[in-house]
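Open the model in your viewer and keep the selection box ready. The tour moves through a handful of selections, each with something to check.

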Amino acid sequence: MSWNLEEFGVASWTTMSLLFNQFVELFVDEEGEEDHKARFVFASSPQKQTPYMILEGDKVGESSSEVEKIVMNFKLLDLRKEEIIDVTHKTFPKLLYEGSRVIGSSRGWTAFMSKHDGTVYLSNVFNLAFSRVIALPSLSDPLRLRSTAIVNVSISSPPDQDDGYVVFVKFLGSNLYYCRPDRVSQWTQMDIEGSHVNLCDVIYSPRNQMLFLVIIGASYLLSFDVNMERRYTILNLRNLPKMPQSEWELLALCCKSEHMVEAPCGKCFIVRRYVETYDNNGIIFKKTKRFMVFLLDKKVKDGEITARYTKDIGDLCIFFGTNETFCVEASKYHGLNPNSIYYIGYGLGVYDIGSGIFYHFPSYMPLNSPLCLLPILSNPHV
């Protein structure tokens, strides 16, 4: 049984893959309980953490020691070394694998939704030192919502660090729900009616203590404060890059989307992605043509805020996908490229922000709905 996003019910309207905000360390276990062959297994020591991408995952058996768990094998891509690593005999909660679908990830925690009753689960299942599964209430009208595509999930803070965390789930369309597990055991629908938010993702900013959506076309920022009061702020993109008119005309033919990301230092960026469609022997493909990054001003003036185009975000690298987009300091993870965007969906590779050059990962990699493990900023030096 192969583990892929289609199997978990992630919508086919997008080929982008989920990102898990998590780290693993690999070591060789020479005295395995299941067999005596050397194999790679997961560990949680922070001394050698590194970001990985899950390329494939397959169930290989039942756990002999824990009834509620199964055994899985994975193929991982080390994003720093661009090497594929085989991970075998990893136990995984049966409830999350067989009875649920992945709906997103944020701050080191993966969100799942039950295929049966719409119950939402949070788990740091890839942190084997101490993994937990937290059951949240079922979403209202689960029969409808269970079959609806989910854009992404955002968590205000890691559940193991803050009991007052808030979970946000954004569906395709205008359905946005939040849950405060420590206060009310139910989901509340937020007021974001309008087709302009259909494809928007959400991101929670710890620095501003607000939830943000970049309205389609980057014309507005829609934000919600801690009391869930909404506010529209006019967004002005400035200092657009100088390019030949022919290049702008090609970009005008692309589909574009805008996403907000907050850096560890508190800076906020608006990332615009252009996706082009092309015909290859009668088969329609989509691929990423370009990214543009805009640095967001810190202050709002007269109901407006400015974001200025930049080709230099310094030591930062952005991880871009269907998860809650975020970035890290490349110097803390030797081998990552600074001033770059690591992306999956409509292609797979690294985009150099300064030069505008793409580096595509090798085509031999098994890239059917890959999943990515991205870092938690906790003693990351290698």
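Select Arg-272 and Glu-258 in this predicted model. Both residues are buried. Their side chains form a salt bridge, with N to O at 2.8 Å. Now colour the strands. Arg-272 sits in β21, residues 268–280, and Glu-258 in β20, residues 255–262, so this pair ties together parts 14 residues apart in sequence.

Stay with β21 and pick Glu-276, then add Lys-287. These two form a salt bridge, and their closest N and O atoms are 3.7 Å apart. Lys-287 belongs to strand β22, residues 283–296, while Glu-276 is in β21, so the contact links parts eleven residues apart in sequence. Is Lys-287 buried or partly exposed? Its relative accessibility is 37%, so Lys-287 counts as partly exposed.

Next, select Asp-297 and Arg-308. Their side chains meet in a salt bridge, 3.6 Å from N to O. Asp-297 is in the loop between β22 and β23, and Arg-308 is in strand β23 itself (304–310), so the pair ties together parts eleven residues apart in sequence. Check the surface here. Asp-297 is partly exposed, at 28% relative accessible area. Arg-308 is partly exposed too, at 38%.

How many salt bridges does a search of the whole structure find? The search finds eight. For a linked group, select Lys-59, Glu-62, Lys-94 and Glu-98. These four residues are joined in a network of salt bridges. Side chains of opposite charge can pair when their charged atoms come close.

Move on to Ser-100, in strand β8, which covers residues 100–106. Turn on the surface: Ser-100 is buried, with a relative accessible area of 0%. What does the side chain of Ser-100 reach? Draw a distance to the backbone oxygen of Leu-95, and it reads 3.1 Å.

Now show the sheet made of β12, β13, β14 and β15. This is an open sheet of four strands in the order β12-β13-β14-β15, and the pairing is antiparallel. Which strands are at the edges? They are β12 (150–155) and β15 (188–189), each pairing on one side only. Strands of a sheet pair through backbone hydrogen bonds, either parallel or antiparallel.

Select β13, residues 167–171. Start on its β12 side. Five bridges join β12 to β13, and the two run antiparallel. Label Val-153 and look across to Val-169 in β13, its bridge partner.

Turn to the β14 side. Strand β14 spans residues 176–179 and pairs with β13 in the antiparallel sense over four bridges. Two facing pairs are worth labelling. Phe-168 stands opposite Tyr-178 in β14. Lys-170 stands opposite Leu-176, also in β14.

Follow the chain from β13 into β14. The hairpin has four residues between the strands. Click Gly-173 in this hairpin and read its phi, which is positive, near 105 degrees.

Finish with the cover over β13. Five of its five residues are buried. Val-167, Val-169 and Phe-171 are on one side of the strand, and Phe-168 and Lys-170 are on the other. Both faces are covered. Keep Lys-170 selected for a last look: this lysine is among the buried residues of β13, with Leu-176 of β14 opposite.

Definitions and conventions:
Residues numbered from 1 in each chain as written. Predicted model: local features only at pLDDT ≥ 70, side-chain atom pairs only at ≥ 80, totals over all residues. Heavy atoms only, no water. Buried < 20%, exposed > 50% of the residue type's maximum accessible area, 1.4 Å probe, protein only. Polar contact = N/O pair within 3.5 Å; in protein donor to acceptor, adjacent residues only side chain to side chain. Pairing = 2+ DSSP bridges.
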